[in-house]
Amino acid sequence: MHPTISHLCTRIAPTTSLRPALRTITALTLLFMGSHFSSTSTPMSHPVQKSTSEWRAILSPEQFRVLREKGTERPGTGEYDKHSEPGVYTCAGCDTPLYKSTTKFASGCGWPAFFEGVPGAIGRVEDRSFGVTRTEIVCTNCGGHLGHVFKGEGYDTPTDERHCVNSVSLKFKDEKQEGK
């Protein structure tokens, strides 16, 4: 546990019986809140380059917060969490195909989960926000923040990975629209 969390828990809950629960709540809160702030990784270069005002003009305020400012939507609130139609999920910022519906699975995490992306479409960036190391996933075409990828959680998938993606980072094209 991070020393600051431990120190904070000791000051808030001087009785030892409350400390474990408080540590868990504090750590989970920091993980969730950490996604509202940018990562400490080096920026990557992407083919689609737009100014902040150009991104604001084409994205909703929530899409801008998540895609451009590396935010996170609340769990269980996204349009595609329980979505199961056949088709392709594309980047809400640049329309690049990111995930096929055949790679989506029900993880119960509160966000859409995929076990792999379209080859070459998803970039991985080390994210060290709030003293926790995670792997951020971004659109390789525009650099839009998609979410994070987690390995080794034991899901029965071919890759043993969970791409935990914000619904607001995605658009969906059903099979009938794919050819258009």
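**Exercise 1. Cysteines**

Is Cys-142 buried or exposed? Then work out why the structure holds no disulfide at Cys-142 or Cys-164.

*Solution.* The model is predicted.

Step 1. Cys-142 has a relative accessibility of 2%. Buried means under 20%, so Cys-142 counts as buried.

Step 2. Look for a partner for Cys-142. The closest cysteine sulfur belongs to Cys-91, and the distance between the two sulfurs is 3.6 Å. A disulfide needs sulfur atoms within 2.5 Å, so this pair is too far apart for a bond.

Step 3. Repeat this for Cys-164. Its closest cysteine sulfur is in Cys-109, 3.9 Å away, again too far for a bond. Cys-164 is also buried, at 10% relative accessibility.

Step 4. For the structure as a whole, the number of disulfides is 0.

**Exercise 2. An open sheet**

Find the order of the strands in the sheet that contains β1, and state which strands stand at its edges.

*Solution.*

Step 1. The sheet is open and has 3 strands, in the order β2-β1-β9, with antiparallel pairing.

Step 2. The edge strands are β2 (97-100) and β9 (170-174); each has a single partner strand, so one side of each has no neighbour in the sheet.

Step 3. Ignoring direction, neighbouring strands in this sheet are turned by 30° against each other on average.

Step 4. Now take one pairing in detail. Strand β1 (residues 87-91) is joined to β2 by 3 bridges, and the two run antiparallel. Tyr-89 has Tyr-99 in β2 as its bridge partner.

**Exercise 3. The largest nonpolar core**

Which residues touch the most other members of the largest nonpolar core, and which helices and strands each supply at least two of its residues?

*Solution.*

Step 1. The core has 21 residues, and those that touch the most other members are Leu-98, Tyr-99 and Leu-170.

Step 2. At least two residues of this core come from each of α4 (61-67), β1, β2, β6 (134-139), β7 (145-151) and β9.

Step 3. Check the surroundings of Leu-98. Leaving out residues up to four places away in sequence, its contacts include Tyr-89, Cys-91, Val-118, Ile-122, Leu-146 and Leu-170.

Step 4. Compare this with a general tendency: nonpolar side chains in soluble globular proteins tend to be buried together.

**Exercise 4. Strand β8 and its surroundings**

Explain why strand β8 is described as largely enclosed, and identify the strands β4 and β7 as its partners.

*Solution.*

Step 1. Strand β8 covers residues 161-165, and 5 of its 5 residues are buried, so the rest of the structure largely encloses it.

Step 2. Sort the side chains by direction. Glu-161, His-163 and Val-165 point one way, while Arg-162 and Cys-164 point the other way; all are buried.

Step 3. Strand β4 (residues 113-114) pairs with β8 in the antiparallel sense over 2 bridges. Here Ala-113 is matched with Cys-164 as its bridge partner.

Step 4. β7 also pairs with β8 in the antiparallel sense, over 5 bridges. In this pairing, Val-149 has His-163 as its bridge partner.

Step 5. Follow Cys-164, which lies in β8. Its C-alpha atom is 5.6 Å from that of Gly-147, although the two residues are 17 apart along the chain. Beyond its neighbours in sequence up to four places away, Cys-164 touches residues including Cys-109, Trp-111, Gly-147 and Phe-150.

Step 6. Finish with Phe-114 in β4. Phe-114 is buried, at a relative accessible area of 0%. Among the residues Phe-114 touches, with those up to four places away in sequence not counted, are Glu-161, Arg-162, His-163 and Val-165.

Conventions:
Residues numbered from 1 in each chain as written. Predicted model: local features only at pLDDT ≥ 70, side-chain atom pairs only at ≥ 80, totals over all residues. Heavy atoms only, no water. Buried < 20%, exposed > 50% of the residue type's maximum accessible area, 1.4 Å probe, protein only. Pairing = 2+ DSSP bridges. Helix = DSSP H or I, 4+ residues; strand = E, 2+ residues; numbered from the N terminus. Axes fitted to C-alpha atoms, helices over the stretch in contact; angles between N-to-C directions. Core = buried A, V, L, I, M, F, W, Y, C linked by side-chain atoms within 4.5 Å. Contact = heavy atoms within 4.5 Å.
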